Amino acid sequence: MVKRIGVLTSGGDAPGMNAAIRAVTRSAIARGIEVVGIYDGFKGMYEGKMELLSTKSVSDVMIRGGTIIGTARLPEFKDESVRKVAIENLKKFEVEAVVVIGGDGSYRGAMALTNMGINCIGLPGTIDNDIVSTEYTIGFDTALNTVIQAIDKLRDTSSSHHRCSVVEVMGNRCGDLALYSGLSCGAEIIITPETGYDEVEVLNKLRYFEEVKHKNHAIVVISEKITDVEMLAQKISNATKFSGRATVLGHVQRGGSPTAFDRVLATRMGDKAVELLANNIGGQCVGMINNKIVSIDINEALAMPKASRKHLSELHERLV
Ligand code: ADP
């Protein structure tokens, strides 16, 4: 059996990554496997920045957002020569296999290493919920709750001022944060990469809400990278009786103590990753489907089509 494994966090950070690191560490130690923390993702692997973790090194980290071992991006990791140096370093530290916590880019790195003889398992750590091989990624639920709290507060002020708040949320071209937060907050309009964006339709809908439904305020939740929300707010002010105000929530969505859901998800997934590596399995990623923790081939996961959210968009339309 494998004697020593590594764990790293890569790409964008997400609340719950620490809970996953803790689970990997303690689950491995419980099976008699040593764990090395690799700092700053694949960058630390390339630079040889790693050290042995103990049960104690992961005490009290469950409640903390971010990642205690740091994260980074190293585009050069796509080069085989760079990965060769990283593998030399793993060998120096006697690391035989690695748990990679991150998004789909990190999964690609994990697969590339597996193909070079280092078994890797991917765990979905991202607030964007943009990994299609799992229903939920680690960090999504926490970010969602952060967004909901912010929108609830905006609602208080927008309802007092006959405003239309345009709230831009993250998602990296996945509309889940916008869709789920919009549903949770009773937003009047939800715009995501999946729904598409039609400015005239948005303005017409707002006029309808005002004139026919007599709404005195409105919330528009929109995914990032769709349009300039300041401009949209200005157009709303010009074309409707609402006073349009834009709020870009930004990086606040990445922070905070993970929710119970994310802690449990990260704990279950971390344990599964160790179980797979202990069985000499690599090149797979862990997901949750129908509340069961499952694993599938990384290449298969990366090729999977995204599940449709049309039923949720339609539900929103019916209730607004
Ligand atoms: P995320 O994992 O959140 O999607 P990135 O796409 O930035 O974030 O990927 C994180 C890191 O994974 C990259 O900086 C790079 O080191 C590594 N990576 C991404 N794509 C590949 C690839 N095709 N081959 C090897 N490594 C990759």
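This report describes selected helices, helix contacts and individual residues in a predicted model.

## Helix H1 and its surroundings

Helix H1 covers residues 17-30, and its 14 residues should span 20 Å at 1.5 Å a residue, which agrees with the 20 Å that separates its end C-alpha atoms. The helix is mostly covered, since ten of the 14 residues are buried. These buried positions are Met 17, Asn 18, Ala 19, Ala 20, Ile 21, Ala 23, Val 24, Thr 25, Ser 27 and Ala 28. The elements that cover them include five strands, namely E1 (4-9), E2 (34-38), E3 (50-53), E4 (97-102) and E5 (119-124), together with helix H9 (260-278).

Thr 25 offers a closer view of this helix, in which it lies. Its relative accessibility is 0%, and Thr 25 therefore counts as buried, the cut-off being under 20%. Leaving aside residues up to four places away in sequence, Thr 25 touches Val 35, Leu 53, Ser 54 and Val 58. After H1 comes Gly 32, which has a positive phi, near 80 degrees.

## Helix H9 and strand E11

Helix H9, which is among the elements covering the buried residues of H1, has 19 residues that should span 27 Å at 1.5 Å a residue, and the 27 Å between its end C-alpha atoms agrees with that expectation. The buried residues of H9 are Asp 262, Leu 265, Ala 266, Met 269, Gly 270, Lys 272, Ala 273, Val 274, Leu 276, Leu 277 and Ala 278. H9 is followed by Asn 280, whose phi is positive and near 60 degrees.

Val 294 lies in strand E11, which runs over residues 292-297. With a relative accessibility of 26%, Val 294 counts as partly exposed. Among residues that are not within four places of it in sequence, Val 294 touches Lys 272, Cys 285, Val 286, Gly 287 and Ile 289, and Lys 272 is one of the buried residues of H9. Asp 271 and Val 294 are 23 residues apart along the chain, and their C-alpha atoms are separated by 11 Å.

## The contact of H5 with H6

Two packed helices are described by the angle between their axes and the distance between the axes. Helix H5 (residues 140-160) packs against helix H6 (residues 176-185) at an angle of about 50 degrees, and the two axes are 9 Å apart. That angle makes H5 oblique to H6, and the crossing of the two helices is right-handed.

On the H5 side, the contact is made by Phe 140, Ala 143, Leu 144, Val 147, Ile 148, Ile 151, Asp 152 and Arg 155, which meet Asp 176, Leu 177, Tyr 180, Ser 181, Ser 184 and Cys 185 of H6. The residues of this contact divide into nine nonpolar, two polar and three charged.

## The contact of H7 with H8

Helix H7 (residues 199-211) and helix H8 pack at an angle of about 45 degrees, with their axes 10 Å apart. H7 is thus oblique to H8, and it passes H8 in a right-handed crossing. In H7 the residues Glu 199, Leu 203, Leu 206 and Arg 207 meet Lys 235, Ile 236 and Ala 239 in H8. By class, the residues of the contact of H7 with H8 are four nonpolar, no polar and three charged.

Gln 234 is also found in H8, which covers residues 229-239. Its relative accessibility of 46% means that Gln 234 counts as partly exposed. Gln 234 and Arg 245 are eleven residues apart in sequence, and their C-alpha atoms are 7.6 Å apart in space.

## Positive phi in two loops

Most residues other than glycine have a negative phi. Asp 40, which is not a glycine, nevertheless has a positive phi of about 55 degrees. This residue is found in the loop between strand E2 and helix H2 (41-47).

Asn 172, again a residue other than glycine, has a positive phi near 50 degrees. Asn 172 is found in the loop between strand E6 (163-169) and helix H6. At 34% relative accessibility, Asn 172 counts as partly exposed.

Note on methods:
Residues numbered from 1 in each chain as written. Predicted model: local features only at pLDDT ≥ 70, side-chain atom pairs only at ≥ 80, totals over all residues. Heavy atoms only, no water. Helix = DSSP H or I, 4+ residues; strand = E, 2+ residues; numbered from the N terminus. Expected span 1.5 Å × (residues − 1). Buried < 20%, exposed > 50% of the residue type's maximum accessible area, 1.4 Å probe, protein only. Contact = heavy atoms within 4.5 Å. Axes fitted to C-alpha atoms, helices over the stretch in contact; angles between N-to-C directions. Parallel < 35°, antiparallel > 145°, perpendicular 65-115°, else oblique. Left-handed = near helix turned anticlockwise from the far one by under 90°. Nonpolar A, V, L, I, M, F, W, Y, C, P; charged D, E, K, R; others polar.
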